[in-house]
Amino acid sequence: MSDLRLHFSNRQQADHPLFPGVHRVLRQPSGVLGIGDGLPGVLLAQVCLDRRGLWLQVPAGARGVHINGRPVQRMAMLRAGDAVYVDGVELRVLAPPQEVPPMPAAGDAHAGDPCVVLRGVGGQHHGRSFTLGPQRLVGAARDADIRIDAPGFPARHALLERRGERVLLRGLSATASLVNGVAMTDAVLGAGDQVVFDGQHRFVLEFPAAQVLAAPTLESESTPMEASDNDPAKASPATRLPWLLLAALLLGLVLAALLWFGAR
């Protein structure tokens with residue numbers, strides 16, 4: 001989540017860097033959209049960056065805020081490459097390109113891992129998942145593995161190929177793709193990266209194995225207090241059972257006494 005920034009697609013102003021904290025999005029008295037705490041104007045939304053991730057919050061009753069064309073009622077999580085529409089202005093979440101690590105040779109043993117998928121989150125293939133391994137052709141051609149049926153889209157746009165824990169995106173046409181919001185022809189994709197073809201066909205790269213390995217990192221940030229040996233929460237069911245029976249017996253005796261003496 002480092003080096004993220006908000007980019008004004010209409011180039012209304014310079015990119016706004018996103019550092020940890022709250023970034024207020026306002027309509028200034030001049031009618032121009034602005035981002036900052038010290039600016040006057042009407043609050044339209046706010047972007048929050050913390051250790052959990054990047055979030056978009058919308059004030060109660062606010063309308064006209066969308067992420068990738070979908071309306072936001074109160075709160076939504078953002079990822080690099082998302083397009084946020086506020087008051088008719090498109091703000092794109094940008095992330096710098098990844099450094100290229102040493103890439104395994106083609107035909108790696110993990111190249112056919114069915115768990116590595118490109119999941120459609122917007123456009124023609126929303127809700128579909130494409131397994132990545134061998135080369136996958138993206139384009140408008142009928143034999144394309146991921147076919148983008150859009151006017152003017154190249155028949156052979158790009159190739160996707162799994163290489164270890166990365167996926168290579170290699171452009172075959174002059175048309176660039178958006179990788180985490182940045183226009184690129186060739187790129188190295190990792191888990192969670194977002195790629196957009198033809199401006200509206202969105203996909204997220206998913207490595208389930210990588211997500212499972214990363215899970216303990218979140219738990220280490222807030223280590224729970226260790227329970228003592230006398231902690232009731234650690235008592236076994238066999239230890240708790242006699243106490244429950246004894247409590248039930250005492251309660252039954254009290255009720256019987258009340259009924260007996262109450263009847264007299």
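**Sheets, core and salt bridges: a chat**

Colleague: Where should we start? How do S14 and S15 pair?
Modeller: Strand S14 (residues 136–139) pairs with S15 in the parallel sense, over 2 bridges. Keep in mind that this is a predicted model.

Colleague: And which residue stands opposite Ile146 in S15?
Modeller: That's Val138.

Colleague: What sheet do S14 and S15 sit in?
Modeller: An open one of 5 strands, in the order S15-S14-S16-S17-S20, with mixed pairing.

Colleague: Which strands are at its edges?
Modeller: Strand S15 (146–147) and strand S20 (187–189), each pairing on one side only.

Colleague: OK, now the sheet with S18 in it. What's the strand order there?
Modeller: S13-S12-S22-S21-S18-S19, so to speak reading across an open sheet of 6 strands, and the pairing is antiparallel.

Colleague: Why is one side of S13 and of S19 left without a neighbour in the sheet?
Modeller: Because strand S13 (129–131) and strand S19 (182–184) stand at the edges, and each has a single partner strand. As for the twist, it averages 30 degrees from one strand to the next.

Colleague: How many bridges join S18 to S21?
Modeller: There are 2, between residues 177–179 of S18 and residues 194–197 of S21, and the two strands run antiparallel. Leu178 stands opposite Val196 in S21.

Colleague: Switching to the inside. Which residues touch the most other members of the largest nonpolar core?
Modeller: Leu33, Val47, Leu54, Leu56, Leu78 and Leu91, out of 27 residues in that core. Several strands each supply at least two residues of this core, among them strand S1 (5–8), strand S4 (33–35), strand S6 (53–57) and strand S11 (89–94).

Colleague: Which strand gives the largest share?
Modeller: S5, with 4 residues. That strand covers 42–50.

Colleague: What about nonpolar stuff on the surface?
Modeller: There's a patch made of Trp243, Leu246, Leu249, Leu250 and Leu253, with about 570 Å² of accessible area together. Leu250 lies in helix H2 (residues 237–263).

Colleague: Why does Leu250 count as partly exposed rather than exposed?
Modeller: Its relative accessible area is 47%, and exposed means over 50%.

Colleague: Salt bridges next. How many are there?
Modeller: The count comes to 7. One of them joins the side chains of Asp87 and Arg27, at 3.0 Å from N to O. That pair links distant parts of the chain, 60 residues apart: Asp87 is in the loop between S10 and S11, and Arg27 is in strand S3 (residues 21–27).

Colleague: How covered are those two?
Modeller: Asp87 is partly exposed, at 36% relative accessible area. Arg27 is partly exposed as well, at 31%.

Colleague: What does Arg52 form a salt bridge with?
Modeller: Asp50, with the closest N and O atoms 2.9 Å apart. Arg52 is exposed at 56% relative accessible area, while Asp50 counts as partly exposed at 30%.

Colleague: And Arg163 with Glu161, are they buried or exposed?
Modeller: Both Arg163 and Glu161 are buried. Their side chains meet in a salt bridge, 3.3 Å from N to O.

Colleague: Which residues are in the network there?
Modeller: Glu161, Arg163 and Arg170, joined into one network by salt bridges that share partners.

Conventions. Residues are numbered from 1 along each chain as its sequence is written. This is a predicted model: local features need pLDDT of at least 70, side-chain atom pairs count only at pLDDT 80 or more; totals for chains, interfaces and linings use all residues. Side-chain values use heavy atoms; hydrogens and water are left out. Two strands pair if DSSP finds at least two bridges between them. Axes are lines fitted to C-alpha atoms, for helices over the stretch in contact, and angles run from 0 to 180 degrees between N-to-C directions. Patches are made of residues with over 30% relative accessible area and no salt bridge: like charges are joined within 9 Å, nonpolar side chains (Val, Leu, Ile, Met, Phe, Trp, Tyr) within 5 Å. Accessible areas come from the Shrake-Rupley method with a 1.4 Å probe; for residues, only the protein chains shown count as cover. A salt bridge is a side-chain nitrogen of Lys or Arg within 4 Å of a carboxyl oxygen of Asp or Glu. Buried means under 20% relative accessible area, exposed over 50%, partly exposed in between (1.4 Å probe, protein chains only). A nonpolar core is a set of buried Ala, Val, Leu, Ile, Met, Phe, Trp, Tyr and Cys residues joined through side-chain atoms within 4.5 Å.
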